[in-house]
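Student: I have a structure to read and would like to know how its labels are earned. Can we take them one at a time?

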Amino acid sequence: MFSQDDHRPGSGEDEADGLRKIIHVDMDAFYASVEQRDDPSIRGLPVAVGGSSGRGVVAAASYEARKFGVRSAMPSARAVRLCPDLVFRKPRFEVYREVSQQIRAIFLDYTPHVEPLSLDEAYLDVTADLKGIGSATRIAQEIRRRIKADTQLTASAGVSYNKFLAKLASDQNKPDGLCVIRPGEGAQFVAGLPVRRFHGVGPRGAEKMARLGIETGADLAGKDLAFLRANFGSFAEYLFRAARGVDLRQVRADRPRKSVGGERTFFENIEDPVALRETMDHIVDVVWERIERSGARGRTVTMKLRYADFQTLTRARSLHHFVADKAEFSAIGHALLEDHLPLPQPIRLMGLTLSALEQREEDARPAKDGQLSLL
């Protein structure tokens, strides 16, 4: 109903005054697709980018692998159990960066207002329509066509009047799809979505919402702000706006990043020290990969633990120098964990973050050089 690859003349997109025209572009299974592009022998096969060893973690999975349940941030051992024929490739970040530069150069042909979220996705504000193309939909179509011609890779795109809706739309028709949500359609579009599709709502959050009778955007929109504040605290305002398709954030070109991190919510609470240390290893693998992709250096490592009763503990350690490498990052993370063992109760979440960042010189160039920021 809202997923259209063609633009209708006279639609609300052209008639709405004062609304932004936002495109969210998301490359399809980016790392794995690059590997399949460069090695024809693995095209059509289930591919995972990451370490294949016992402690390895999947950084990305092809769509063929996703059919078996293989996902990013999954331990490689589990991925192999799900898909015994899984083909592993080591990450080649220098190649992914090079492709990102090509893609960023395409974006900048249409607007200087590009906000990268990672190597493979970004927001574009094309309200000004510098080329006089006539609609954000046609701009998105042209960008997708050029990406495919220049890189032999496919991209999905969402077009809407704010960032929240554009990002939802880009995920609607993956892979290689386009979805347009026009003014006046946002609230209806969101109403039919499961709340799990909302950014920031994880498996545990969705479970809590289900217990409260909230499973769709419509259910969420039916709750008043007081109810949401009582049950979700500071997250309430975001949920209240999102359920109505409202997002006032602007596209911010090359915004500075304050931290790089990741966290894992468990399906079952854990407290066994061995399991906790193994979990820390997995989180270190995932986060350090993100740190390498971001091109950032940092001095502060912060551990986050959320107990079974939802109490949250954070502990940080700051250095006089930048964290040198993955080994030092891991050592600090483990030291922070060991300081609190044995735990007073099981935990439901563990996270690790690097902050007090400074961009490396080669990754902090002005936007005009075509470098797509990595996180």
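**Labels and their reasons**

Tutor: Thr302 is a residue of strand S10, which covers residues 296-307. The model is a predicted one.

Student: Why is Thr302 called partly exposed?

Tutor: Its relative accessible area is 21%. Buried means under 20% and exposed means over 50%, so Thr302, at 21%, is partly exposed.

Student: What does Thr302 touch, leaving out residues up to four places away in sequence?

Tutor: Thr302 touches Thr314, Arg315, Ala316, Gly351, Leu352, Thr353 and Ser355. Contact requires heavy atoms within 4.5 Å. As for Ile332, it is 30 residues from Thr302 along the chain, and their C-alpha atoms are separated by 9.0 Å.

Student: Glu289 is another residue I picked out. Where is it, and is it buried or exposed?

Tutor: Glu289 belongs to helix H13, residues 273-294. Its relative accessible area is 13%. The limit for buried is under 20%, so Glu289 counts as buried. Apart from neighbours within four places in sequence, Glu289 is in contact with Tyr31, Ala59 and Phe93.

Student: How much of the protein is buried?

Tutor: Of the 375 residues in the protein, 47% are buried. The secondary structure amounts to 14 helices and twelve strands.

Student: What makes strand S1 mostly covered?

Tutor: S1 spans residues 22-27, and six of its six residues are buried. Ile22, His24 and Asp26 point one way from the strand, while Ile23, Val25 and Met27 point the other way. All of these are buried.

Student: How do you know that S1 pairs with S6 and with S7?

Tutor: Pairing requires at least two bridges between two strands. Five bridges join S1 to S6, residues 121-125, and six join S1 to S7, residues 155-160, so both pairs qualify. S1 runs antiparallel to S6 and antiparallel to S7. On the S6 side, Ile23 stands opposite Leu124 and His24 opposite Tyr123. On the S7 side, the bridge partner of Asp26 is Ser156.

Student: In which sheet does S1 lie, and why are S5 and S8 at its edges?

Tutor: S1 lies in an open sheet of five strands, ordered S5-S6-S1-S7-S8, with mixed pairing. S5 (114-118) and S8 (178-180) each have a single partner strand, so one side of each has no neighbour in the sheet. Direction ignored, neighbouring strands of this sheet are turned by 15° against each other on average.

Student: What lies across this sheet?

Tutor: Helix H6 lies across S1, S6, S7 and S8 and runs at about 170° to S7.

Student: How does H5 meet H6?

Tutor: The axes of H5 (residues 93-108) and H6 (residues 136-151) come within 10 Å and cross at roughly 145°. The crossing is right-handed. H5 brings Val99, Gln102, Ile103, Ile106 and Phe107 to the contact, and H6 brings Ile143, Arg146, Ile147, Asp150 and Thr151. By class, this contact has six nonpolar, two polar and two charged residues.

Student: What makes a group of residues a nonpolar core, and which elements supply the largest one here?

Tutor: The members must be buried nonpolar residues joined through side-chain atoms within 4.5 Å. The largest such core has 36 residues, and those with the most contacts inside it are Ile23, Phe30, Phe107, Leu124, Ile143 and Ile147. At least two core residues each come from S1, H2 (30-38), S2 (47-50), H5, S6, H6, S7 and S8. H5 supplies the largest share, seven residues.

Student: S2 was not in the sheet of five strands. Which sheet holds S2?

Tutor: S2 is part of an open sheet of three strands in the order S3-S2-S4, with mixed pairing. S3 (58-61) and S4 (87-89) are the edge strands, and each pairs on one side only. The twist from one strand to the next averages 30°.

Student: How do you know that S2 pairs with S4?

Tutor: Three bridges join S2 to S4. At least two are needed, so the two strands pair. S2 and S4 run parallel, and Val49 stands opposite Arg89 in S4.

Note on methods. Residues are numbered from 1 along each chain as its sequence is written. This is a predicted model: local features need pLDDT of at least 70, side-chain atom pairs count only at pLDDT 80 or more; totals for chains, interfaces and linings use all residues. Side-chain values use heavy atoms; hydrogens and water are left out. Axes are lines fitted to C-alpha atoms, for helices over the stretch in contact, and angles run from 0 to 180 degrees between N-to-C directions. Helices (H or I, at least four residues) and strands (E, at least two) are DSSP runs, numbered from the N terminus. A crossing is left-handed if the near helix is turned anticlockwise from the far one by less than a right angle, and right-handed if clockwise. Ala, Val, Leu, Ile, Met, Phe, Trp, Tyr, Cys and Pro count as nonpolar, Asp, Glu, Lys and Arg as charged, and the others, Gly among them, as polar. Buried means under 20% relative accessible area, exposed over 50%, partly exposed in between (1.4 Å probe, protein chains only).
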